[in-house]
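Grab a pencil and have the model open in your viewer. Below are a few exercises, each with a worked solution.

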Amino acid sequence: MASAGGSVQVMTMHRSKGMEFKRVVLFGVSGTEAGWGAGNDGLPESERADAELRERSLLYVAATRARDELAVLWTGERSELLPASAG
């Protein structure tokens, strides 16, 4: 994410809410990373749907901060929260 001066801004997805950037790069959206659905298996069945919805909503917020370009990067297996066409 670059500011008007051309420098790169690094922030959490939570902090990006309400902002807009010309380009956004999302790192670590892997199926094996903490979050992104990887940790939901250990949750009780009654909490899994809510946890997945929160993660999916956060990913949506972060991805929609990009005005012109969005790059989503992962290592190994992509998160199940990404659409199949992202692979």
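**Exercise 1: the helix α1**

Task: check whether the length of α1 fits its residue count.

Solution. Start with the count: α1 has 19 residues, and at 1.5 Å a residue they should span 27 Å (the expected span is 1.5 Å times one less than the number of residues). Now compare: the end C-alpha atoms of α1 are 28 Å apart, which agrees. Helices here are DSSP runs of H or I with at least four residues, and strands are runs of E with at least two, numbered from the N terminus.

Before going on, a word on the ground rules. This is a predicted model, where local features need pLDDT of at least 70 and side-chain atom pairs count only at pLDDT 80 or more, while totals for chains, interfaces and linings use all residues. Residues are numbered from 1 along each chain as its sequence is written, and side-chain values use heavy atoms, with hydrogens and water left out.

**Exercise 2: two faces**

Task: work out which residues of α1 are buried and where they sit around the axis.

Solution. First list them: Ala51, Glu55, Leu58, Leu59, Val61 and Ala62 are the buried ones (buried means under 20% relative accessible area, exposed over 50%, partly exposed in between, with a 1.4 Å probe and protein chains only). Next, the arc: they cover only 160° around the axis, so they lie on the same side of α1 (the arc is taken from the directions from the helix axis to the C-beta atoms). Then flip the helix over: the face turned away carries exposed Glu45, Ser46, Ala49, Leu53 and Tyr60. Finally, the buried residues pack against β1 and β2 (66–72), contact being heavy atoms within 4.5 Å.

**Exercise 3: salt bridges**

Task: take the salt bridges of Glu69 and Glu52, and find the partner of each.

Solution. The whole structure has five salt bridges (a side-chain nitrogen of Lys or Arg within 4 Å of a carboxyl oxygen of Asp or Glu). Glu69 pairs with Arg23, with the closest N and O atoms 2.8 Å apart. That pair links distant parts of the chain, 46 residues apart: Glu69 is in strand β2 and Arg23 in strand β1. Glu52 pairs with Arg56 at 2.7 Å between the closest N and O atoms. These two are four residues apart in helix α1, which means about one helical turn separates them. Glu52 is partly exposed at 34% relative accessibility, and Arg56 is partly exposed at 35%.
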